[in-house]
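Thanks for coming. I'll walk through one structure today, a few places at a time, and I'd ask you to keep the view open while I talk.

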Amino acid sequence: MRYISTRGNAPALDFENVTLAGLAADGGLYVPERWPSFTAAEIADLAGLSYVETAVRVMAPFVGDALTQDELRALCTEAYGRFDHAAVTPLVQLDGRNWLLELFHGPTLAFKDVALQLLGLLFERFLAGRDTHLTVVGATSGDTGSAAIDALAGRAKVDIFMLHPAGRVSDVQRRQMTTVLAPNVHNIAIDGSFDDAQALVKAMFADRGFAGRFALSAVNSINWARLMAQVVYYFYAAVRLGAPERPVAFSVPTGNFGDVFAGYVAQRMGLPVARLIVATNVNDILHRALSAGDYSVGTVTPTAAPSMDIQVSSNFERLLFDLHGRDGAALAATMTGFEASRSLAIAPAMREEAAGLFTSARIDPDAMALAMRSASQTACMLIDPHTAIGLAAARAAELPDVIPIVTLATAHPAKFRDAVERATGQRPVLPARIGGLFEREERFASLPADLAAIENYVAARAVPAERVAIPA
Ligand SMILES: *Cc1c(COP(=O)(O)O)cnc(C)c1O
């Protein structure tokens with residue numbers, strides 16, 4: 001399989017290079033040059049397979065000959081062996097038609113582990129054969145940072161520098177990052193907001209000399225391999241609920257449009273997905289885009305679901321690419337206009353095409369709290385604020401009764417226990433596997449939100465490297 005840029009002006013890459021690459025050189029995102037497709041018989045064959053076997057079958061067309069099936073299976077076995085549930089992503093029935101797909105059984109209690117545990121192993125595997133060293137830099141509002149650090153801690157040929165806004169991530173989130181003392185892990189608390197941290201990371205990438213000298217790499221959801229790993233659980237859940245005969249809908253708490261884009265990929269591959277419900281909080285750019293064609297950037301309002309407090313959803317560009325008939329030049333012009341004006345009007349024909357699969361909902365803080373309360377009262381389940389937004393959107397969706405709706409449960413309630421306690425009166429218990437978090441030693445640097453200070457810090461600790469060789 002080869003991967004092409006959504007902006008049509010960067011070299012096509014194979015799976016190994018796309019995994020290490022991040023953003024394309026023309027500013028676009030990589031997508032497979034065509035969507036692989038599964039027949040109904042091939043989907044029916046997934047029935048009863050373990051998560052790992054499902055993962056091997058679903059990911060094989062994307063991986064191509066970069067790994068043998070046995071190698072891919074070994075990596076999946078190792079990655080998903082670290083989850084604390086034998087089903088990896090268990091499906092839990094909530095009522096007659098609503099289900100939760102629990103994606104939080106990994107080491108850091110959020111769905112990002114599903115992709116990042118595998119990505120860490122893919123990095124190690126692909127770097128082993130190269131004379132190079134990667135420096136991963138990222139900014140986090142909490143979940144990506146802890147999942148990426150857990151996945152990369154102690155791995156050869158890679159250092160990770162993770163910036164978080166000082167005092168603005170939860171205690172659990174901070175400690176999940178700062179108590180990892182592996183020498184290749186570098187936590188930096190920035191005196192500023194998440195947006196400041198994000199802007200510093202972008203500035204480091206834009207400093208071409210610096211980026212080249214240290215082979216900077218990204219692990220946020222612009223990375224194709226992350227999305228690929230997330231396609232798997234859509235197949236796994238739908239097959240358990242009767243696919244390919246029975247269509248299934250999914251409600252997805254959305255920020256960067258990564259997780260829900262993976263659902264779109266599953267549908268393009270032939271999975272009978274009846275509907276993808278894009279659930280946002282009050283930071284509703286995606287809801288405005290899908291319901292009214294208005295993709296314009298507002299200011300971010302902090303909420304109890306911080307991983308969805310996003311205004312520009314990077315992966316939306318991947319959907320726009322298909323809606324533009326995969327015309328990279330046309331999309332490049334659209335995106336250049338968007339980057340200048342911070343606003344994009346989606347043409348009615350494109351909006352109609354998207355509406356064939358996607359609907360959206362904007363869930364305000366009261367409806368979110370109500371969803372947490374009602375899950376606790378009617379089903380004796382504690383759910384986290386992000387999951388609550390998905391569930392509220394699922395309940396509001398207008399769909400035929402025969403279609404089951406799976407809400408993606410993206411975080412463990414204990415990761416956001418203050419918000420859960422405020423809504424339900426009950427304080428979620430931290431799972432045993434992360435017990436001791438509050439006794440462990442923390443290590444992190446505190447730096448001003450200043451590019452020179454951050455670059456000096458990184459330069460003093462990172463290993464200079466050849467830029468990862470990307471074939472022309
Ligand atoms: C990252 C995250 C989301 C949003 O996922 P996207 O792929 O960015 O849309 C939702 N919930 C939780 C708990 C997250 O960590």
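**Notes on a predicted model**

Let me start with Arg268, which sits in helix α11, residues 258–268. Keep in mind throughout that this is a predicted model. Is Arg268 buried, exposed or partly exposed? Its relative accessibility is 38%, so Arg268 counts as partly exposed. Now look at what lies around Arg268. Ser37 is 231 residues away in sequence, yet the two C-alpha atoms are 7.1 Å apart in space. If we set aside neighbours within four places in sequence, the contacts of Arg268 are Trp35, Pro36 and Asp322.

A second place of this kind is Asp294. You will find Asp294 in strand β11, residues 294–296. With a relative accessibility of 29%, Asp294 counts as partly exposed. Which residues does Asp294 touch, leaving aside neighbours within four places in sequence? They are Ile285, Arg288, Ala289 and Leu344. There is also a C-alpha separation of 6.6 Å between Asp294 and Ile346, and these two are 52 residues apart along the chain.

Next, a pair of helices. Please turn to α3, residues 51–63, and α4, residues 69–80. Their axes come within 9 Å and cross at roughly 130°. That angle makes α3 oblique to α4. As for handedness, the crossing of α3 past α4 is right-handed. Which residues make the contact? From α3 they are Tyr51, Val52, Glu53, Ala55, Val56, Met59, Ala60 and Val63. From α4 they are Gln69, Leu72, Arg73, Cys76, Thr77 and Tyr80. Sorted by class, the contact between α3 and α4 has 10 nonpolar, two polar and two charged residues.

Two names in that contact, Glu53 and Arg73, bring us to salt bridges. As general background, side chains of opposite charge can pair when their charged atoms come close. How many salt bridges does the structure hold? The count is 21. I will show a few of them.

Arg73 and Glu53 form one, at 2.7 Å from N to O. Since Arg73 is in helix α4 and Glu53 in helix α3, this pair ties together parts that are 20 residues apart in sequence. How open are the two partners? Arg73 is partly exposed, at 24% relative accessibility. Glu53 is partly exposed too, with a relative accessible area of 23%.

Arg73 also has a salt bridge with Asp70, at 2.9 Å from N to O. This one stays inside a helix: Arg73 and Asp70 are three residues apart in α4, so about one helical turn separates them. Asp70 counts as exposed, because its relative accessibility is 56%.

Further along the chain, Arg427 forms a salt bridge with Glu421, and the closest N and O atoms are 2.8 Å apart. Arg427 has 39% relative accessibility and so counts as partly exposed. Glu421, at 31%, also counts as partly exposed. Elsewhere, Asp171, Arg174, Arg175 and Glu442 are joined into one network by salt bridges that share partners.

The last part is about the backbone. Most residues other than glycine have a negative phi, and most peptide bonds are trans. I have three places to set against that background.

Where is the cis bond I want to show? The peptide bond from Ala243 to Pro244 is cis, with omega near 10°. Pro244 is in the loop between α10, residues 224–240, and β9, residues 248–253.

The next place is Val88, which is not a glycine but has a positive phi of about 65°. Val88 is in the loop between α4 and β3, the latter being residues 91–93. Is Val88 buried or exposed? Val88 is buried, since its relative accessible area is 5%, and the cut-off for buried is under 20%.

The third place is Arg342. Its phi is near 60°, again a positive value in a residue other than glycine. Arg342 lies in the loop between α14, residues 328–341, and β12, residues 343–345. With 41% relative accessibility, Arg342 counts as partly exposed.

To go back over the two backbone cases with positive phi: Val88 is buried, whereas Arg342 is partly exposed. That is what I have, so please go ahead with comments.

Conventions:
Residues are numbered from 1 along each chain as its sequence is written. This is a predicted model: local features need pLDDT of at least 70, side-chain atom pairs count only at pLDDT 80 or more; totals for chains, interfaces and linings use all residues. Side-chain values use heavy atoms; hydrogens and water are left out. Axes are lines fitted to C-alpha atoms, for helices over the stretch in contact, and angles run from 0 to 180 degrees between N-to-C directions. Helices (H or I, at least four residues) and strands (E, at least two) are DSSP runs, numbered from the N terminus. Angles under 35 degrees count as roughly parallel, over 145 as roughly antiparallel, 65 to 115 as roughly perpendicular and the rest as oblique. A crossing is left-handed if the near helix is turned anticlockwise from the far one by less than a right angle, and right-handed if clockwise. Contact means heavy atoms within 4.5 Å. Ala, Val, Leu, Ile, Met, Phe, Trp, Tyr, Cys and Pro count as nonpolar, Asp, Glu, Lys and Arg as charged, and the others, Gly among them, as polar. A salt bridge is a side-chain nitrogen of Lys or Arg within 4 Å of a carboxyl oxygen of Asp or Glu. Buried means under 20% relative accessible area, exposed over 50%, partly exposed in between (1.4 Å probe, protein chains only).
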